[in-house]
Amino acid sequence: IDVVGDSMIDRVKFIQSKNSIAGKAVDSTAKALKGQFVDASPVRQKALTLLEDIGVTVNKDGSPNWSKSIFNKTPELKNKIMKSLSDLPSGEIDAYDLHNFKKSIDEVVNYGVGGEGLSGKSASILKAIRTSADEVLDTNFKNYNKANTDYKITRDVLEIANDLFGKKVGIVK
C-alpha cells in the first residue's frame with residue numbers, strides 16, 4: 001500500500017507541476033492579448049438574459065431593480081452578483097480586460113462545490129457569464145483556447161485526485 005501511495009503522490013505532484021506550467025501559459029497568453037479587441041456583446045447579452053430570468057428588471061436610470069428578483073431577500077447573494085458584474089463588458093473591449101473580467105468571477109465562485117437553492121443559482125449565473133466570456137476569447141484566439149484547455153485538463157485531473165484522496169489529506173493543493 002505504501003508503494004502504491006507513494007506512486008500516486010508522485011503522479012499528483014507531476015500533474016501539479018504541469019498545472020502550474022499550464023497556468024503560467026494562460027497568464028502569458030492572456031497578457032499577449034493586450035491591445036487586441038474583441039466584441040464582448042455576447043457576454044453582456046448573456047448576463048442580461050440571466051438577470052431577467054431571475055426577475056431583475058432595469059429602472060429608467062439604467063440601474064438594476066431587484067425588487068421582483070428571487071434574490072430580493074438575500075442581499076449577500078445579490079451583492080455577490082452585483083459585485084461580479086460591476087465591470088460587465090459591453091461592445092468592443094481589450095481581450096486582456098475580458099480575461100481579467102473572467103478571472104474576477106473565478107475569485108467569487110467556488111468551482112469545487114455544487115450548491116442548491118439560491119446559493120447554487122447565484123453560482124450558476126456567474127459561471128454561465130464566465131463561460132460566455134471564455135467562449136468569446138477561445139473563439140477569437142486559438143493560442144488562448146489551447147492554453148486554457150491545457151490548464152483545464154490538468155485541473156480536472158487534480159480535482160479527480162481530490163475526490164479520490166479527499167481534500168483533507170492535503171495531497172492536492
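The second largest pocket of this predicted model is lined by 16 residues, and those nearest its centre are Leu48, Leu51, Val58, Pro64 and Leu88. Its volume comes to about 300 Å³. The chain around the pocket has 6 helices and 4 strands, and below we look at the pocket, the overall fold, two helix pairs and two buried residues.

**The second largest pocket**

- Two elements each give two or more residues to the lining of the second largest pocket: helix H2 (41-53) and strand E2 (57-58).
- Helix H2 provides the largest share of that lining, with 5 residues.
- Sorted by class, the lining holds 8 nonpolar, 5 polar and 3 charged residues.

**The chain as a whole**

- Reading from the N terminus, you will meet the elements in the order α-β-α-β-β-α-β-α-α-α.
- Of the 173 residues in the protein chain, 35% are buried.
- Among contacts with a separation of 6 or more, 71% join residues that are 24 or more positions apart.

**Helices H3 and H5**

- Helix H3 spans residues 75-84 and helix H5 spans residues 117-140; the two pack at an angle of about 5 degrees, and their axes are 10 Å apart.
- Angles under 35 degrees count as roughly parallel, so H3 is roughly parallel to H5.
- On the H3 side, the contact is made by Leu77, Lys80, Ile81 and Ser84.
- On the H5 side, the partners are Leu118, Ser119, Ser122, Ile125 and Leu126.
- The residues of this contact between H3 and H5 divide into 5 nonpolar, 3 polar and 1 charged.

**Ser122, a buried residue in H5**

- Ser122 belongs to helix H5, and it also takes part in the contact with H3 described above.
- The relative accessible area of Ser122 is 1%, and because buried means under 20%, Ser122 counts as buried.
- Leaving out residues up to four places away in sequence, Ser122 touches Phe71, Leu77 and Ile81.
- Leu77 and Ile81 are both among the H3 residues in the helix contact.
- Take a look at the pair Ser122 and Ile81: they are 41 residues apart in sequence, yet their C-alpha atoms are 6.9 Å apart in space.

**Helices H5 and H6**

- The axes of H5 and H6 come within 5 Å, and they cross at roughly 125 degrees.
- H5 and H6 are therefore oblique to each other.
- From H5, the residues that meet H6 are Asp134, Leu137, Asp138 and Asn140.
- From H6, the residues that meet H5 are Lys142, Tyr144, Asn145 and Asn148.
- By class, the contact of H5 with H6 has 2 nonpolar, 3 polar and 3 charged residues.

**Thr154, a buried residue in H6**

- Thr154 sits in helix H6, which covers residues 142-165.
- The same cut-off of under 20% applies here: Thr154 has a relative accessible area of 10%, so it is buried.
- Setting aside neighbours within four places in sequence, Thr154 is in contact with Ile15, Lys18, Asn19 and Ala22.

Technical notes:
Residues numbered from 1 in each chain as written. Predicted model: local features only at pLDDT ≥ 70, side-chain atom pairs only at ≥ 80, totals over all residues. Heavy atoms only, no water. Axes fitted to C-alpha atoms, helices over the stretch in contact; angles between N-to-C directions. Parallel < 35°, antiparallel > 145°, perpendicular 65-115°, else oblique. Contact = heavy atoms within 4.5 Å. Nonpolar A, V, L, I, M, F, W, Y, C, P; charged D, E, K, R; others polar. 1 Å grid on protein atoms, 1.4 Å probe; cavity = no way out; pocket = protein on both sides within 12 Å on 5 of 7 lines; lining within 4 Å. Points joined across faces, edges and corners; volume = space filled by probe spheres on them. Buried < 20%, exposed > 50% of the residue type's maximum accessible area, 1.4 Å probe, protein only.
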